[in-house]
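These are my notebook entries from a session with a model that I opened to see how its helices sit together. I wrote down each item as I looked it up.

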Amino acid sequence: MTTRVGALDGGRHGSTSGGPGRVLVAVYAVFALAATSRAAYQLATKAQEAPLAYSLSAAAAAIYVVATVSLIRPGARPRRLAWVTISIELAGVLTVGALSLVEPVWFGDDTVWSRFGQGYLFIPLVLPVLGLWWLSRTRPVTA
Amino acid sequence: MVDLLVIGVVGSCVVATVLAGVSALRDRRPTLAVVVLVALAELLLIAQSVVIGVVLAMGNGPQSPLIVVAYLVGVLAVGPFGLVWALGERSRWGNVVLVVTAVTMATMTLRLWDLW
């Protein structure tokens, strides 16, 4: 069972931050940085203009931060936390992405997830899919 | 901002991206050349931030210095973290991390230039 992971030269022993996981963590960290700064700036300077959009930006930022940390940390509990946060992330990008196309006036301004993350080259849409795939791929044999 | 420093940072990052990308495709570990290029981009960014600091301290620069400073702090952090994270992975994936690092540094530098 572990050999299929070995084929990607990393992620052995249930680790989520080795091999290709190293790249996943790096991209998550970039999004944690980008979303946190963006949300902090928007909430600090113009929170009243589009409260829903900026609250969603802040929620997305928190999710990226927790996902990054839980992908870096070894063990069963961080792994569970990664499953939960990345699932919420996928649900978030799909929901916000769809609603931003159907009811753009609800939001008032763009979020990281608007139009399925178009402003960020659709990486926000691809990232949770890769994250969930990677979690299932590196699942410990005993689990 | 000094245009020449922007060109230097983006240029180093583009070359680093190509070298690391080719190296990753050939299933190699990161080479010293890529590490040096990312470090060079970081040094040029530090020089740039000194210039930006002086201009802002003199009361010049763009309308919203807050966002410029936020970008600057962010982009300065990407290089060191990216290098450490990449070099902890002694496989082709270390190279892919360097690609992410260099692309992020170049993108943020260009965005900063745009804001200036």
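## A helix pair in chain B

I began with α3(B) and α4(B), which are roughly antiparallel to each other. I keep in mind throughout that this is a predicted model. The axes of helix α3 (residues 65-87) of chain B and helix α4 (residues 92-115) of chain B cross at roughly 170° and come within 9 Å; since angles over 145 degrees count as roughly antiparallel, the label follows from that crossing. Sorting the residues where α3(B) meets α4(B) by class, I noted 16 nonpolar, 7 polar and 1 charged.

## A residue on α4(B)

I then picked B:Ala106, which is placed in helix α4 of chain B. Is B:Ala106 buried or exposed? I found 21 C-beta neighbours inside 10 Å, so B:Ala106 counts as buried, the cut-off being 20 or more. Leaving out residues up to four places away in sequence, I listed what B:Ala106 touches as B:Val9, B:Val10, B:Cys13 and B:Val14. For B:Val14 I also took the distance: its C-alpha atom is separated from that of B:Ala106 by 7.6 Å, although the two residues are 92 apart along the chain.

## Helix α2(B)

Next I checked the length of helix α2 (residues 32-57) of chain B, whose 26 residues should span 38 Å at 1.5 Å a residue; the end C-alpha atoms are 37 Å apart, and I could therefore record that the two agree. Its buried residues are B:Val34, B:Leu37, B:Val38, B:Ala41, B:Glu42, B:Leu44, B:Leu45, B:Gln48 and B:Ile52, and I noted B:Glu42 and B:Gln48 among them. What covers these buried residues of α2(B)? I found that the cover includes α1, α3 and α4 of chain B. After α2(B) comes B:Gly59, with a positive phi near 85°.

## Chain A and the contact between chains

Turning to chain A, I counted 5 helices and 0 strands, and the order along the sequence reads α-α-α-α-α. Of the 143 residues in chain A, 41% are buried. Among the contacts in chain A with a separation of 6 or more, 58% join residues 24 or more positions apart.

As an example from chain A I took A:Ser136, in helix α5 (residues 123-137) of chain A. With 9 other C-beta atoms within 10 Å, A:Ser136 is exposed, the limit for that label being 12 or fewer. From A:Ser136 to A:Arg38 I read 31 Å, C-alpha to C-alpha, across 98 residues of sequence.

The contact of the two chains takes 12 residues from chain A and 12 residues from chain B. On the side of chain A that touches chain B, I noted 7 nonpolar, 3 polar and 2 charged residues.

## How far I trust it

I closed with the confidence values, starting from the scores of the model, ipTM 0.91 and pTM 0.89. Chain B has a mean pLDDT of 95, with 100% of its residues at 70 or more. Within chain B, confidence is lowest in α3(B), at a mean of 93, and highest in helix α1 (residues 3-25) of chain B, at 97. Chain A averages 88, and 90% of its residues score at least 70. Over residues 1-7 of chain A the pLDDT is below 50, and this stretch has 8 contacts in the model beyond near neighbours in sequence. Where pLDDT is low, the predicted coordinates should not be read in detail.

Methods: Residues are numbered from 1 along each chain as its sequence is written. Chains are lettered from A and ligands numbered from 1 in the order in which they are written. This is a predicted model: local features need pLDDT of at least 70, side-chain atom pairs count only at pLDDT 80 or more; totals for chains, interfaces and linings use all residues. Axes are lines fitted to C-alpha atoms, for helices over the stretch in contact, and angles run from 0 to 180 degrees between N-to-C directions. Helices (H or I, at least four residues) and strands (E, at least two) are DSSP runs, numbered from the N terminus. Angles under 35 degrees count as roughly parallel, over 145 as roughly antiparallel, 65 to 115 as roughly perpendicular and the rest as oblique. Ala, Val, Leu, Ile, Met, Phe, Trp, Tyr, Cys and Pro count as nonpolar, Asp, Glu, Lys and Arg as charged, and the others, Gly among them, as polar. pLDDT is the predictor's confidence in each residue, from 0 to 100. Two residues are in contact if their C-beta atoms, placed from the backbone, lie within 7 Å. The expected span of a helix is 1.5 Å times one less than its number of residues.
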